[in-house]
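Me: Please take a close look at one helix and how it packs against its neighbours. Keep it brisk.

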Amino acid sequence: MTVEGTAARKPRRSSKRTSAASATKPRAGAQGAPGTEPQLVQLLTPEGERVTHPDYAIDLGPEELRGLYRDMVLTRRFDAEATALQRQGELGLWASLLGQEAAQIGSGRALRDDDYVFPTYREHGVAWCRGVDPTNLLGMFRGVNHGGWDPNSNNFHLYTIVIGSQTLHATGYAMGVAKDGADSAVIAYFGDGASSQGDVAEAFTFSAVYNAPVVFFCQNNQWAISEPTEKQTRVPLYQRAQGYGFPGVRVDGNDVLACLAVTRWALERARRGEGPTLVEAFTYRMGAHTTSDDPTRYRMDDERAAWEAKDPILRLRALLEKEGHADAAFFEELESESETLGKRVREAVRAMPDPDDLAMFDHTYADGHALVDEERAQFAAYQASFADSEGN
């Protein structure tokens, strides 16, 4: 498997829909009127050409550019391995980030160590940036634990399955940060589908009213499972922020440099006490929503083909090669590293011990609870009935 492989087959159909983003040069936080062409911050074109922006300048050296490229390649390799493990029956489910590497790595590398992250269940690239071991992400999807890492060790909260609820958690945490007088910031990740949830609207309201130091980072991959974005909103998502009284910015979600620059700006704004920001990373979900989904039933071939030409990894590689920042040895070494990572993940998953059947009852409440005790006893009796049957 090549490090830049997409690891997902193309849909079979053709389409009349178009969803390619247009690159313009807006001012910071500009809010276009409904019906106008959405504004998009871009610093690196799909062809790997650097472009400038009057409000989001970023100056990265060769080593930093290679680091971003390495992050995206290894994140994609891990994601591909997890997808393969699910297909082999080693995981119950997997939510792929394929195509969203730039949005996650760019925003993840904008964070400081003392910032706090509230993810959904797809932020594998952000977890990588926060130093969470990739194998720890897989326990929940294998059904052996409820998370697998200590959130406070990396300031990276456990994955949240309930759609949109983590935006409220992030807002409350950010309000606490402000009351403590700290200068750190909070970031909440969610998708375009979650933007339709009431929890997100409530989080926007509270964060604006209380001037919370939180960045709402929406990865608009244009499909909430099988529901396209145009069935969820009449205006671009970033424009919703103006109704709550804080700025919204749309960024090219396949441009790791733009995602880094815009998220860094939003985080610094939060730290200065200027309140929340909504960042909409306009990207595309190249694979299925999860491994239980079949995107060929609702997505068209030419739509995916248009986005394959905007691949976030290939465009940064084009820049590295064009400017002489990476040679063949670098790419070969990274290829080897990615295969080593894949092997480590495979071995770690298959070595995960089965959990104690009754352990799920142990930490439901901090103290004892009569109903939980009753349910534990019922489940224990149910499990024991299988042993009795086998004995007979």
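Reply: Helix α1 crosses α2 in a right-handed sense. The model is predicted. The two axes lie 10 Å apart, at an angle of about 130°. That makes α1 oblique to α2, because angles that are neither roughly parallel, roughly antiparallel nor roughly perpendicular count as oblique. Helix α2 spans residues 101-108.

On the α1 side, the contact uses Leu-68, Asp-71, Met-72, Thr-75 and Arg-76. They meet Glu-101, Ala-102 and Ile-105 of α2. By type, the contact of α1 with α2 holds four nonpolar residues, one polar and three charged.

Now the contact with α12. Helix α1 covers residues 62-87, and α12 covers residues 328-350. Their axes come within 9 Å and cross at roughly 35°. This crossing of α1 and α12 is right-handed. From α1, the contributors are Arg-66, Tyr-69, Arg-70, Val-73, Leu-74, Arg-77, Phe-78, Glu-81 and Leu-85. Their partners in α12 include Phe-330, Phe-331, Leu-334, Glu-337, Leu-341, Val-345, Arg-346 and Val-349. Gly-342 and Ser-338 of α12 take part too. The residues of the α1 contact with α12 divide into 11 nonpolar, two polar and eight charged.

Tyr-69 links this contact to the interior. It meets α12 from α1. Tyr-69 also belongs to the largest nonpolar core, which has 68 residues. There, Tyr-69, Leu-138, Leu-257 and Leu-316 touch the most other members. Helix α9, residues 256-271, gives the most to this core, with 10 residues. Another core lies apart from it, with 21 residues, including Phe-118, Ala-170, Ala-174 and Ala-241.

Terms used. Residues are numbered from 1 along each chain as its sequence is written. This is a predicted model: local features need pLDDT of at least 70, side-chain atom pairs count only at pLDDT 80 or more; totals for chains, interfaces and linings use all residues. Side-chain values use heavy atoms; hydrogens and water are left out. A nonpolar core is a set of buried Ala, Val, Leu, Ile, Met, Phe, Trp, Tyr and Cys residues joined through side-chain atoms within 4.5 Å. Buried means under 20% relative accessible area, exposed over 50%, partly exposed in between (1.4 Å probe, protein chains only). Helices (H or I, at least four residues) and strands (E, at least two) are DSSP runs, numbered from the N terminus. Axes are lines fitted to C-alpha atoms, for helices over the stretch in contact, and angles run from 0 to 180 degrees between N-to-C directions. A crossing is left-handed if the near helix is turned anticlockwise from the far one by less than a right angle, and right-handed if clockwise. Contact means heavy atoms within 4.5 Å. Ala, Val, Leu, Ile, Met, Phe, Trp, Tyr, Cys and Pro count as nonpolar, Asp, Glu, Lys and Arg as charged, and the others, Gly among them, as polar. Angles under 35 degrees count as roughly parallel, over 145 as roughly antiparallel, 65 to 115 as roughly perpendicular and the rest as oblique.
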